[in-house]
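Here is a friendly walk through one model, meant to be read with the structure open beside the text. Please take a look at it before reading on.

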Amino acid sequence: MFKIVFGENMNKIVLLSCVSKKKSFATRAEELYESSFFKYALKYAKKQEPDHIFILSALHGLVELNQILAPYNVTLNNMSTKDRKQWTSQVFIQMQNKKVDLSHDHFIILAGEKYRQYLLPFMKNYSIPMQGLPIGKQLQFLKNEVQE
């Protein structure tokens, strides 16, 4: 496996997508999502030793792990193209507010096509470790990667 060497001003940022299975009460974002897929993706994200981990939430946009969220039932998977483009614009604004640099930062994307589709053209440095894998193979990949 190769290691990416980051420049002086380059951060490593992991983006995870939200999932439908959530706790029934408000809590920190990293604890809200209950699916085993999310839990393994978060473990994988932390193993990458990134500068930042954000969750791509269909309702809230770019979410920090310690941000308190109430449960919600929104997904990009059934949104129109117009709504997904609007969501992407919201995420870009949130990235700017958090000083995320789309030109220099390196993104590791653990999010499905609908979540990354309109983000990718603006990112210069990114990897999608599970691209093209069906969901079962993605879970298998994550489990294998986080084994200790």
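What follows covers a group of strands, one helix pair and one residue in a helix.

This is a predicted model, in which local features need pLDDT of at least 70 and side-chain atom pairs count only at pLDDT 80 or more, while totals for chains, interfaces and linings use all residues. Residues are numbered from 1 along each chain as its sequence is written, and side-chain values use heavy atoms, with hydrogens and water left out.

**The strands**

Let us begin with β1, residues 12-17. Helices (H or I, at least four residues) and strands (E, at least two) are DSSP runs, numbered from the N terminus. Six of the six residues of β1 are buried (under 20% relative accessible area, with exposed over 50% and partly exposed in between, using a 1.4 Å probe and protein chains only). K12, V14 and L16 point one way from β1, while I13, L15 and S17 point the other way. In a regular strand, side chains alternate between the two faces of the sheet.

The pairings are set out below; two strands pair if DSSP finds at least two bridges between them.

| Strands | Bridges | Direction | Facing residues |
|---|---|---|---|
| β1 and β6 (residues 106-110) | five bridges | parallel | I13 and F107 |
| β1 and β3 (residues 52-57) | five bridges | parallel | L15 and F54 |
| β3 and β4 (residues 61-64) | four bridges | antiparallel | L56 and L62 |

β3 and β4 also form a hairpin, with three residues between them.

**The helix pair**

Helix α2 (residues 36-47) packs with helix α5 (residues 135-146) at an angle of about 45 degrees, their axes 9 Å apart. Axes here are lines fitted to C-alpha atoms over the stretch in contact, and angles run from 0 to 180 degrees between N-to-C directions. That angle makes α2 oblique to α5 (under 35 degrees is roughly parallel, over 145 roughly antiparallel, 65 to 115 roughly perpendicular and the rest oblique). The contact (heavy atoms within 4.5 Å) includes F37, Y40 and Y44 of α2, and L139, F141 and L142 of α5.

**M95**

Which helix holds M95? M95 sits in α3, residues 81-97. M95 counts as buried because its relative accessibility is 2%. Not counting residues up to four places away in sequence, M95 touches L15, L62, V100, L102, F107 and M123. Of these, L15 stands opposite F54 in β3, and F107 of β6 is opposite I13. The C-alpha atoms of M95 and V63 are separated by 9.9 Å, with the two residues 32 apart along the chain.
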